[in-house]
Amino acid sequence: MKINKKYSILIVVSFYSSAFSQSIEKEVSVNRDALQKIISQQKSTAIENKSKVKSLIAKGYKEFIDDGINEKQLIGADQNGNPFYYTTLNANVSKRIKATALYNGGSLGLNISGQEMRIVQWDFSKPRLNHQLIAGKVTYDASQNQTISRHSTHIMGTMVGNNYSNTTATGVAYDATARAYDWVSDVQEMAEEANNGSVIANNSYGFDPMYYQTYQFGKYNETARNWDQVMYNAPYFQIVKAAGNARGLDPTIVPQVTVKNGYDLLEGAGIAKNVLVVTSVNKNENPTGDSDFNISSFSSYGSTDDGRIKPDIAAQGESVYSSIETYNSAYGTYNGTSSATASVSGAIALLQQYWLTLNSKSLIPYLKSASVRALLAHTANDKGALGPDYIYGWGLMDTERAARLLYNNAKSTLIKEEAIKNGREYSLYVVASEFENQPLVATLAWTDPEGNLGNNVADDPTPALINDLDITILKKDNNGNTQTFYPWKLGGMQNLTAVASRNSDNKVDNIEKAEIDNPEGLYQIVIKHKGSLFSEGQDFSLIISGISFCYTDDLYVLTREKDNIETSNFAGTAKRIKASNVIKSNAQDIVFKASESIELLPDASGGSATVGFTAEQGSEFIAYIDPNCNMSDPNMVYHSQANRPAGSETSGNPGSSSGNEIEKKQIENILLYPNPAKTEVNISYKVNTPSLINITMTDISGKTVYQHKSSQSFPIGTYLNRIQTDKMASGIYLVTIETGNYRETKKLIIQ
Ligand SMILES: [Ca+2]
Ligand SMILES: [Ca+2]
Ligand SMILES: [Ca+2]
Ligand SMILES: [Ca+2]
């Protein structure tokens, strides 16, 4: 029987915690056990809530309220028996967030409109499924509230409304489909959907501030914790939620509206760490620039009680024209953070689809939700006070810029999905783009574990953050001084209107963005963590822009005496480097980086001495060669003699080839160390004549677990290739190094 390769892959991954979305068979890993636990816990919570609702109804509270603007439902009660009501949050949106750039005929030359993507909506109740704008696109389960809702129909049309029934009402992801649920049991249903491979959840509702106690505004509560918990256990699942329209409420009924001048109005899951919280800005059909927009008069301002940057992002939520429930061709215009939220969910579907098309040949799945949040924060159009603020968050969503960043991955931007282990750090060298006025920007985001609930006091500043990662960008000058660039942070409840600072580390947010306005040369991006990491590690996403993978200088020549390096923290970058200088003992952190070649010359080439390049004992020297011109993953490293492992040959000078060496093996002195290995293994070898290098590592069954093939010849020298082994199973492996004329296999034990 011939087994189709794709099919056999599907069979294999189904043994793991993997799920596939309905139409694109993409692996999305989730923590199934944790999600199942959430689902069963929520089932008992649902029973408790039902009895709370029943007793409140007996006291005279209405279960359903329609005040002509919003649909509301009594959903539960706090521990003192005060009612919790969910309320809808009412407000062409595609243009404002530049989603149109991705459509067929748009400025990016693409054809991305949500094909084969699915969004899941939670809302008051059922959308009008037969409405011409959404007919055939939406499913709704019979177990849910069957009342047909205006809000639900309008939000659904804004996200996925087709592009032929009424072109002024075309949805943002007009070729996408959707599933819809009522908001009762939302946490349980989100856990189930995440478990089934869904990646986008739109929640355009929240707790009604009319029934909120003062201390509840901005507080990390049970709802925030539950939503964070679902996302932590389903790292591709992004919940998108409306910030709320509380500034539009009557302050005589909700005093909090004016107590802090519109700040501290966020509620429920709007305070969650991982949920993307969306605010509304006004409509402007013909903006004159990226900052030509203003906050809507009704949009709720942050902060959270612990001072995090919330809301996260802004989108148009005014004059939004979409389907309504009265008949199958009925349309209406609404305002609210609900509509802004729907447009962001639609645009995320476009960006996920685009990411899949860019990576169609590999098994790369969707962007992780942390990457989505990093991407949106990274590419937003700033407004109001410089940097993030509690009104606009990171700014207006810019789908076009986000798509360009995805396209430029490994060209002038980098998208990394990595992990940091407890006690470890992660670092990366980058070279700033040579284009003028191009800032170097690095955004770190992670999906944090659910936080602790804390006390019921107003504005408790205790951070909800569990794993506190920190990003910094370091610049070392030739005198050995290090300049540190920190991420943005805001002043919290004590300083709501203060401009964001970037002069110290951020202890509250799980999105950290560091920017250098006028960068030049080489930088090191470092990610560390404080304290002890929950679960011994934390996955994170890192997005970097404004970098160059090929270097300004074509050729960089270092000659003896003139260019001898005696001070620490020296970096030389070029396409090609030729060096016959000396790196003196005690000189530390010396880096040569080249995209094509590094030649360590055996003679003086212009200098006065008779000996060539030397790295003296006690110096610390690393040269990166990246044949693919990709500095993100420097896999070939040259170490100085001083750093050579014990037992390796100390050949005086790694020199260039000469005639009498041609008959020698192309490589020799192959060493694996440490062996047995734990977290990493180093493979060092000497290249005698320039050659392509192929390194393969297989387990005893013959399965390849690591492979590196160089695309260009390695110049003469001694190289070191470092392989992370911490994720590999313990056992015996075989490491093979191959060149054009030589092949050698060594046994490696991983403990
Ligand atoms: Ca439901
Ligand atoms: Ca508060
Ligand atoms: Ca701002
Ligand atoms: Ca931090």
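Trainee: Is Ser 535 buried or exposed?
Mentor: Keep in mind as we go that this is a predicted model. Ser 535 sits in the loop between strand 22 (522-529) and strand 23 (537-545), and its phi is positive, about 65 degrees, although it is not a glycine. A residue with 12 or fewer other C-beta atoms within 10 Å counts as exposed. Ser 535 has 11 other C-beta atoms within 10 Å, so it is exposed.

Trainee: And Ser 319, how many other C-beta atoms lie within 10 Å of it?
Mentor: Ser 319 lies in the loop between strand 13 and strand 14 (320-323). Its phi is near 55 degrees, a positive value in a residue other than glycine. Ser 319 counts as partly exposed, and its number of other C-beta atoms within 10 Å is 15.

Trainee: Let's try another serine. What separation do the C-alpha atoms of Ser 504 and Lys 489 have?
Mentor: Ser 504 is in the loop between strand 20 (482-485) and strand 21 (511-516). Ser 504 counts as exposed because it has 10 C-beta neighbours inside 10 Å. Along the chain, Ser 504 and Lys 489 are 15 residues apart, and their C-alpha atoms are separated by 8.4 Å.

Trainee: Where is Pro 311, which follows a cis peptide bond?
Mentor: The bond in question runs from Lys 310 to Pro 311, with omega near 0 degrees. Another cis peptide bond runs from Gly 302 to Ser 303, with omega near 10 degrees. Ser 303 is placed in the loop between strand 12 (276-281) and strand 13. Pro 311 is likewise found in the loop between strand 12 and strand 13.

Trainee: Strand 13 keeps coming up. Which strands stand at the edges of the open sheet of seven strands?
Mentor: The order of this sheet is 7-8-6-9-11-12-13, with parallel pairing. The twist from one strand to the next averages 30 degrees. Each edge strand has a single partner, so one side of it is left without a neighbour in the sheet. The edges are strand 7 (138-140) and strand 13 (313-316).

Trainee: Inside that sheet, what is the bridge partner of Trp 122 in strand 9?
Mentor: Start with the pairing: strand 6 (residues 118-123) and strand 9 (residues 200-203) run in the parallel sense. Three bridges join this pair. Trp 122 has as its bridge partner in strand 9 Asn 203.

Trainee: Now strand 34. Which residue in strand 37 is the bridge partner of Ile 695?
Mentor: Strand 34 (residues 694-699) pairs with strand 35 (residues 704-709) in the antiparallel sense over five bridges, and there Ile 695 stands opposite His 708. Six bridges also join strand 34 to strand 37 (residues 731-738), again antiparallel. In strand 37, the partner of Ile 695 is Ile 737.

Trainee: Which residue takes a positive phi in the hairpin of strand 34 and strand 35?
Mentor: Look at the four residues between the two strands of this hairpin. The phi value there is near 95 degrees, and the residue that takes it is Gly 702.

Trainee: Turning to helices, how many residues of helix 9 are buried?
Mentor: For the whole protein chain of 751 residues, 50% count as buried. Helix 9 is mostly covered, and its buried residues include Ser 369, Arg 373 and His 378. The count for helix 9 is 11 of 11.

Trainee: At what angle does helix 9 pack on helix 10?
Mentor: Helix 9 (residues 369-379) and helix 10 (residues 399-407) have axes 9 Å apart, and their crossing is right-handed. Leu 375, Leu 376, His 378 and Thr 379 of helix 9 make the contact with Arg 401, Ala 402 and Leu 405 of helix 10. By class, these are four nonpolar, two polar and one charged. The packing angle is about 115 degrees.

Trainee: How many nonpolar residues are in the contact of helix 8 with helix 10?
Mentor: Helix 8 (residues 337-358) packs on helix 10 at about 20 degrees, with axes 10 Å apart, and the two helices are therefore roughly parallel. Among the residues that meet are Leu 350 and Trp 355 in helix 8 and Ala 403 and Leu 406 in helix 10. This contact has one polar residue and no charged ones, and its nonpolar residues number 10.

Methods. Residues are numbered from 1 along each chain as its sequence is written. Chains are lettered from A and ligands numbered from 1 in the order in which they are written. This is a predicted model: local features need pLDDT of at least 70, side-chain atom pairs count only at pLDDT 80 or more; totals for chains, interfaces and linings use all residues. Axes are lines fitted to C-alpha atoms, for helices over the stretch in contact, and angles run from 0 to 180 degrees between N-to-C directions. A crossing is left-handed if the near helix is turned anticlockwise from the far one by less than a right angle, and right-handed if clockwise. Two residues are in contact if their C-beta atoms, placed from the backbone, lie within 7 Å. Ala, Val, Leu, Ile, Met, Phe, Trp, Tyr, Cys and Pro count as nonpolar, Asp, Glu, Lys and Arg as charged, and the others, Gly among them, as polar. Two strands pair if DSSP finds at least two bridges between them. A residue is buried if 20 or more other C-beta atoms lie within 10 Å of its own, exposed if 12 or fewer, and partly exposed in between; C-beta atoms are placed from the backbone. Angles under 35 degrees count as roughly parallel, over 145 as roughly antiparallel, 65 to 115 as roughly perpendicular and the rest as oblique.
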